[in-house]
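Visitor: I'm new to reading structures, and I'd like a close look at just one part of this one. Could you start from its metal site and work outwards?

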Amino acid sequence: MIIVMKPQAEEEAILTVSKTIEQAGLEVHLSKGHEVTIIGVVGDKNILNRSVLCQLPQVEKIVDITETYKLANKKFHPEPTCVKVKNAFIGNGHTAIMAGPCSIENEDMMIRTAFAVKKAGATFLRGGAFKPRTSPYAFQGLEETGLKYMKAAADATGLASVCEVTSLEAITKAVDYVDMLQIGARNMQNFALLKEAGKTGLPILLKRGLSATIDEWLNAAEYIMAEGNPNVVLCERGIRTFETATRNTLDLSAVPVIKNKSHLPIIVDPSHGTGVREYVAPMARAAIASGCDGLMIEVHPEPSKALSDGPQSLTLEQFDNLCGELKPMLSFFGRTL
Ligand code: PEP
Ligand code: MN
């Protein structure tokens, strides 16, 4: 439930409504727009007396929110959210380009990649230290050693860093080294992990599950936000369909759907979305045109030698060319990097 106040409602009236809700044992979520303040109610709204609320001074109307996610809901928070990570911004007009290898392999490749992607226009360095691999025999990541390499590269370039965490133990380690935690597709509904990630207070990049609906995805974001962490960025990375020509089916329609339902920023990952190097640039361009708030792209100095996801990784030069194409597109759409 949300209580919409009359335009330019006074502080005192807002406080009266908030207190009435809190006295009933429920939580208040305030969203102050230019004109209108919206007071969101988190908890069991049935214990509130609607007719009492309706009659409080300067209350315009009461609207029921039917969706189970509240804090992630645009009705609760109509203004688009901008998430700040180190010196980078995502959302509300700011576009973030995250780039780097699938897996952190050694310090030299991280430093080399970081300087190259920064020069091209990236604002984040990505890289996996804990890899969720289909086969238990595939490279599993360098864990804490990898985090150290990532921190060295992020410190040297000033880029913000993002790394996936796959367990509670990985979270404990990653918080000391990275600026943003990634929850990967396979863990989108690992509710214990979502809660722990929320508790860290670090910004969270939440990838869409392989077969998750948008409603399930936003409820996963709600798990993080319910821990008091509003800094969630969604990432569309393709879903599983009958199509086998691409690794996944990149659902770009998720971008306008999310924009319609949520205030959270959404970025697109065309690397995992297509799984094929040649398709990454066209889908990156399409993603920008769809109105997303950023991209995550896998880049490797020598993709043929990559320990994971080589076939979908761009070379440093290909990434530079792609950024050259994206810059005029971004200014056409009035967005800044
Ligand atoms: C990754 O970003 O390297 C990754 C494993 O992504 P996803 O969870 O989207 O498969
Ligand atoms: Mn990968």
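Guide: Let's sort out one word before we start: a residue is called buried if its relative accessible area is under 20%, exposed if over 50%, and partly exposed in between, using a 1.4 Å probe and the protein chains only. Also, this is a predicted model, where local features need pLDDT of at least 70 and side-chain atom pairs count only at pLDDT 80 or more, while totals for chains, interfaces and linings use all residues; side-chain values use heavy atoms, leaving out hydrogens and water. As for labels, residues are numbered from 1 along each chain as its sequence is written, and chains are lettered from A and ligands numbered from 1 in the order in which they are written.

Now to the metal. The manganese ion (ligand 2) is held by four donor residues, namely Cys 102 (SG), His 272 (NE2), Glu 298 (OE) and Asp 309 (OD), at 2.0 to 2.4 Å. A donor here is an N, O or S atom within 2.8 Å of the metal (3.2 Å for Na, K and Ca), and with water not among the atoms, sites may look incomplete. If you walk along the sequence, the donor residues follow the spacing C-x169-H-x25-E-x10-D. Two of them sit in named elements: His 272 is in helix α9 (residues 270-274) and Glu 298 is in strand β14 (residues 294-298), so this pair ties together parts that lie 26 residues apart in sequence. Helices (H or I, at least four residues) and strands (E, at least two) are DSSP runs, numbered from the N terminus. Both His 272 and Glu 298 are buried.

Asp 309, another of the donors, belongs to the loop between β14 and α11. With a relative accessible area of 17%, Asp 309 counts as buried. Its backbone is worth a look too: phi is positive, about 55°, although Asp 309 is not a glycine. Why point that out? Most residues other than glycine have a negative phi. Glu 143 is another non-glycine residue with a positive phi, near 55°. You'll find Glu 143 in the loop between β8 (124-126) and α4, and it is partly exposed, with a relative accessible area of 39%.

Back to the loop between β14 and α11 (316-332), which also holds Ser 313. Ser 313 is buried, with a relative accessible area of 1%. Leaving aside residues up to four places away in sequence, Ser 313 touches Arg 277, Glu 298, His 300, Pro 303 and Gln 318, where contact means heavy atoms within 4.5 Å. So one of the residues Ser 313 touches, Glu 298, is also a donor to the manganese ion.

What about β14 itself? 5 of its 5 residues are buried, so the strand is largely enclosed by the rest of the structure. Its two faces are both covered: Gly 294, Met 296 and Glu 298 are buried on one side, and Leu 295 and Ile 297 on the other. β14 also has a partner, strand β7 (residues 96-100), running parallel to it and joined by 5 bridges; two strands pair if DSSP finds at least two bridges between them. In that pairing, Ile 97 has Leu 295 in β14 as its bridge partner.

For an antiparallel contrast, look at the open sheet of 4 strands in the order β2-β3-β1-β4. Its edge strands are β2 and β4 (59-63), each pairing on one side only. Strand β2 (residues 27-32) meets β3 over 6 bridges, and the two make a hairpin with 4 residues between them. Here Ser 31 has Ile 38 in β3 as its bridge partner. On to strand β1 (residues 2-5), which is joined to β3 by 3 bridges, with Ile 3 opposite Ile 39. Another 4 bridges join β1 to β4, where Ile 2 stands opposite Val 63. Strand β3 (residues 37-42) is mostly covered, with 5 of its 6 residues buried.
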